[in-house]
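Here are some comments on the model, set out point by point for a colleague who has the coordinates open.

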Amino acid sequence: MGLRTGQDYLKSLNDGRELYIGNELVKDPATHPTLRYTAQSVARCYDLQLARADEVTFVENGERFSNIWLPVRTKADFERVRKGVTLWHRTTAGIFGRLHDYLTIWVTTLYMLHDVLSKPDPKFGKNMIEYYYYARSKDLALTHAISMPQIDRSPGAGRKQNEDLHIVEVNDRGVVIEGCRTVSTYAPFANEFITLPQLPANPDEDPDYVIGFALPMNAKNLVFLCRETYSSPEAPWDHPLSTLYDDLDAQAVFDRVLIPWERIFIYRDPKINFEIYDPIMAYATWQATVRAIVKLEFIIGLAAKWAEMLGIDAYPNVQERIGWLIEWRNVLSAAVEGVELTARPHNGFLIPEVWKTWPLVMVHGTYIYPMAVETLRVLTGSGVIMNPPMSVFKDEKLRKYAHKYFRAKGASAFDRLLVSKFVHDITVGSLGGRLLQYERYFAADPFRVAIVHYRFSDKSQFKQLVDDQAAFIKSLMKEAGISEEG
Ligand SMILES: Cc1cc2nc3c(=O)[nH]c(=O)nc-3n(C[C@H](O)[C@H](O)[C@H](O)COP(=O)(O)OP(=O)(O)OC[C@H]3O[C@@H](n4cnc5c(N)ncnc54)[C@H](O)[C@@H]3O)c2cc1C
């Protein structure tokens, strides 16, 4: 099949999965009142991919596949994947943190690493190759969760105390697991769930807690518990981003789930986990930066539009705020291209350098993205709050007031209010709060990532720079007769 239509995708979600919002079992996410708009947004991406197949797909053995499944062998391949990723996120204003291109790239990276997965036993590498071909040929949407639930994070507490996934039985058909994983963003909109052992995996890890696999969302005894939704299906235009692009998060509960042998990629081997972690994170954070650039562009667009509509674009303080965002956008774009140029070869493929890509999402999530949100808040003032429901335009008298008192110098009330609603969703709405948390945490705890950078980087080269300068100054002092001895 290779590529599918939006309609094919929507139909595929009605698979008998066990997914709950509160105590409500969601039978079909594609038709569920609060989920259907987001499902349709994903379907729109599939349709657009088909419509622009010449630009964002590739052909292998006569069959056409999406660029978001392309294994990278050359610099040009990076550009092809980037084009695919950008199309999906431009279609959705960059608001989805976790459209499934994040995970198609994960799976493709695991495929590129099949030689590593084969080390303990060739069957695991083979399983991965076959899974890649299977998922790619169906153009599957995936979700993942690699963190253990937050139960006990005190010093010394590990996977067991946090109810992480673990093996409880091994039989001819496969491995039975129990436990829980969080956060499975996009779960309602995915066809399959994939996971790896949580990172970092220590070499002395209990092997029962080390397993990586993929399963369909409707696997028996696999249960998803979602957070509440932010969508407003009764009036999507009043909360447009929250309704169209709420990639709902879920906790995945494994209540004795059988993983067939052919779906297992990592089995009781912490060393392998450690080896693949580096390339996986490298690619995941490279994709996430490409996605973050689109979101930043949307925010710059909102800020610029608002400033022009209200006539505040004439002020240097306003120009400076937006100017910084444009600078950051350019820095991220340059970084993405630089990362592609310096990727290292592995087994005929190219792998970006994780120490260059990981900081991009950490710096973005901790500093750049909060600054972008703050810019929207600062530039809009009360305008982000004062946007009445669009139904005012249905009433003749109220419409008159709305046209007069909600218009802007450079825009009709209708257009100005729509911009204001986009800004609302990103800044003061529930989705906006969640997006801030998402950007900060989705690729790991930034506090611990900074410590990893401190501990694992070679700081001697930096200290040498200081020593060189000190030596020079000391030589000047010596000439002037100044020495430690006096
Ligand atoms: C909106 C959202 C969506 C997400 N989506 C996904 C997803 O789709 N798939 C997925 O796999 N993951 C996802 N994540 C999860 C993400 O991977 C984790 O949030 C991240 O790894 C941090 O782990 P945690 O949330 O368990 O925080 P914790 O590890 O519990 O940390 C909470 C706080 O405690 C501190 N702390 C905890 N342990 C220690 C320690 N040992 N030493 C020092 N300080 C410590 C941390 O610094 C932090 O301040 C998502 C997260 C969010 C917020």
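**Notes on the predicted model**

1. Asn221 sits in the loop that joins strand E9 (211–216) to strand E10 (222–226). The coordinates discussed here and below belong to a predicted model, not an experimental one.

2. Is Asn221 buried, exposed or partly exposed? It counts as partly exposed, because 14 C-beta neighbours lie inside 10 Å, whereas a residue is called buried at 20 or more and exposed at 12 or fewer. Leaving aside residues up to four places away in sequence, Asn221 touches Asp255, Arg256 and Val257. Its C-alpha atom is also separated by 9.4 Å from that of Arg17, although the two residues are 204 apart along the chain.

3. Strand E10, on one side of that loop, belongs to an open sheet of six strands, whose order is E2-E1-E10-E11-E7-E6 and whose pairing is mixed. Strand E2 (24–25) and strand E6 (166–170) stand at the edges, and since each has a single partner strand, one side of each is left without a neighbour in the sheet. Within this sheet, strand E7 (residues 174–181) and strand E11 (residues 250–260) pair in the antiparallel sense over eight bridges, and Gly174 stands opposite Pro260 in E11.

4. Strand E9, on the other side of the loop, is part of an open sheet of four strands with the order E5-E8-E9-E12, again with mixed pairing. Its edge strands are strand E5 (142–144) and strand E12 (264–267), each of which pairs on one side only. Neighbouring strands of this sheet are turned by 20° against each other on average, direction ignored. E9 and E12 pair in the antiparallel sense over three bridges, with Gly212 opposite Ile266 in E12.

5. Two helices should be examined together with the four-stranded sheet. Helix H5 (residues 101–112) lies across E5, strand E8 (192–195) and E12, and runs at about 80° to E5. Helix H7 (residues 122–138) packs on the sheet by touching E8, E9 and E12, and its direction makes about 145° with that of E12.

6. Which residues are closest to the ligand? Of the 20 residues that surround the ligand, the closest are Ile146, Val183, Thr185, Tyr438 and Tyr441. The elements that give two or more residues to this shell are helix H14 (430–441) and helix H15 (446–456), and H14 provides the largest share, four residues. By residue class, the shell divides into eight nonpolar, six polar and six charged residues.

Note on methods: Residues numbered from 1 in each chain as written. Predicted model: local features only at pLDDT ≥ 70, side-chain atom pairs only at ≥ 80, totals over all residues. Near = placed C-beta within 6 Å. Nonpolar A, V, L, I, M, F, W, Y, C, P; charged D, E, K, R; others polar. Contact = placed C-beta atoms within 7 Å. Pairing = 2+ DSSP bridges. Axes fitted to C-alpha atoms, helices over the stretch in contact; angles between N-to-C directions.
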